[in-house]
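Trainee: I'd like a close look at one part of this protein, please. Pick a helix, take me through it slowly, and then give me a few other spots to find on screen.

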Amino acid sequence: MTKKGQALSVLLVSTLAFTVCFMVWMMFGVIGIPIRKTLGLNATEFGLLTATPVLTGSLIRVPLGIWTDKYGGRIVMACLMALTVPAIWMMGYATAYWHFIVIGLFVGLAGGSFSVGTPYVARWFPKNRQGFAMGVYGAGNSGAAVNKFIAPGLVVAFGWTMVPQVYAAIMLGTLVLFWLFSSSDPAHLVPSNVRFMDQLQMLKDPQVLKLCQYYSIVFGGYVGLSLWMVQYYVGEYGLDIRAAALLAACFSLPGGVLRAVGGWLSDKYSAHQVTWWVLWASWICLFLLSYPQTDFTVVTVSGPRTFHLGLNVYAFTALMFLLGIAFAFGKASVFKYISDDYPTNIGTVSGIVGLAGGMGGFVLPILFGVLMDLTGIRSSAFMLLYGVVWVSLIWMYWTEVRRTPVMGQNAPASPLSRSFAR
């Protein structure tokens, strides 16, 4: 097989593996609903249940990225997938809350696959194609939507315990396919004299910390909302689990699949410009989503009149769809920053940034539950994200936008404006 053929094969089979890993990682977003009813969990306990796998998948990202640089993505990814199969299977036999928490920690290892596949795939492509390649691989985030298509049907037909059994079989089959069709190249490895602690020095880089902040929104927010949205639809709009999961997929699916488009845009227009507009689009969507269902009475000349203000299920889903697109573009643009600025440490930096994003995905569902228990307002989840986006917009403005002509007379002309000028 030619080098180009190997690169394509690696990209396709790695994307499949990541899709399955992400599907497993998001499993509690659906099966957590019947588990919550069975165990009588409040919103905070439910948030912790759904977030537990995200914790392990986040914490392991830094060492996995470093091991990928040192040993190669093929062997690290295969070992990671193999380790998750027994834990996924055992999930179907859990009965107590602490059972789910403990087993969920092991299932969460699947979430670490992102920091393995990103540097593994990127190094098979030239620099001007790495944004697109990482975007295609990152489209495996659509596993969150695949989970919403598969799991509800299994829950309704056979009960929730069937879901982990089916997912364990899918993971095992994907592991075999990955090993058969992936390749390794010794030239992609970081020299063995690079020490673990040397690579962790990247944590002191202010640029890396800023990328962590961005990614905690576009990826952490994506994970948190993917876990939270099915029960949100059930509680807010009274839908059954299948209809709720289908509508929730309107956020998860574009949030994963369109990441490849975000990679292409980042290659073409720069990671900086794409990230800036992603944050503004997210800010607008979250502002509208934050408004709670409200009834208010106005005293008119003909007497009191009551009005209702709030998003119906259609407007809400449309805004979530747009937010999913923005997050997809943002996830790709952040990793384009990494490949541009840290070409020799992609694995390490992607692991660190991925850790920040994953920790956002762990903390947010818990905070969503705490806020709902404290306020009784479901849209408080979006209020929280709205505030976090504000922080990133201000940070980006002071550190990048003030020094870069994104807008105004000195900004570089877009291809469209240049065509009109001709």
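Mentor: Before we name anything, here's what a helix is in this numbering: a DSSP run of H or I at least four residues long, counted from the N terminus. Keep in mind, too, that you're looking at a predicted model.

Let's take α17, which covers residues 313-341. Start with its length. At 1.5 Å a residue, the 29 residues of α17 should span 42 Å, and the C-alpha atoms at its two ends are indeed 42 Å apart, so expectation and model agree. Next, how much of α17 is covered up? A residue counts as buried when its relative accessible area is under 20%. By that cut-off, 22 of the 29 residues of α17 are buried, so this helix is largely enclosed by the rest of the structure.

Now zoom in on the N-terminal end of α17, where Asn312 acts as the cap. One of the side-chain oxygens of Asn312 lies 3.1 Å from the backbone nitrogen of Tyr314.

The partner to look at is α16, residues 271-289. Two packed helices are described by the angle between their axes and the distance between the axes. For α16 and α17, the angle is about 155 degrees and the axes are 8 Å apart. Angles over 145 degrees count as roughly antiparallel, so that is what α16 is to α17. If you sort the residues in this contact by class, you get 18 nonpolar, 5 polar and 1 charged. The crossing of α16 past α17 is left-handed.

For one residue of α16, find Cys285. Its relative accessibility is 7%, so Cys285 counts as buried. Cys285 and Met320 are 35 residues apart in sequence, yet their C-alpha atoms are 7.7 Å apart in space.

Then step back to the loop between α15 (259-269) and α16, where you'll find Ser270. Ser270 isn't a glycine, but it has a positive phi of about 95 degrees. With a relative accessible area of 29%, Ser270 is partly exposed.

To set against that pair, try α9 (residues 143-158) and α10 (residues 162-181). Their axes come within 9 Å and cross at roughly 130 degrees. That angle makes α9 oblique to α10. The crossing of α9 past α10 is right-handed.

Here are the other spots I promised. Helix α1 covers residues 3-25, and Cys21 sits in it. Cys21 is buried, at a relative accessible area of 1%. Its C-alpha atom is 7.6 Å from that of Met81, a residue 60 positions away along the chain. Lys4 is also in α1, but Lys4 is exposed, with a relative accessible area of 72%. Measure from the C-alpha atom of Lys4 to that of Trp124 on your screen and you should get 8.3 Å, for residues 120 apart in sequence.

Finish in α3, residues 43-59, with Pro53. At 3% relative accessibility, Pro53 counts as buried. The C-alpha atoms of Pro53 and Val107 are separated by 6.0 Å, with their positions 54 residues apart in the numbering.

Note on methods. Residues numbered from 1 in each chain as written. Predicted model: local features only at pLDDT ≥ 70, side-chain atom pairs only at ≥ 80, totals over all residues. Heavy atoms only, no water. Expected span 1.5 Å × (residues − 1). Buried < 20%, exposed > 50% of the residue type's maximum accessible area, 1.4 Å probe, protein only. Polar contact = N/O pair within 3.5 Å; in protein donor to acceptor, adjacent residues only side chain to side chain. Axes fitted to C-alpha atoms, helices over the stretch in contact; angles between N-to-C directions. Parallel < 35°, antiparallel > 145°, perpendicular 65-115°, else oblique. Left-handed = near helix turned anticlockwise from the far one by under 90°. Nonpolar A, V, L, I, M, F, W, Y, C, P; charged D, E, K, R; others polar.
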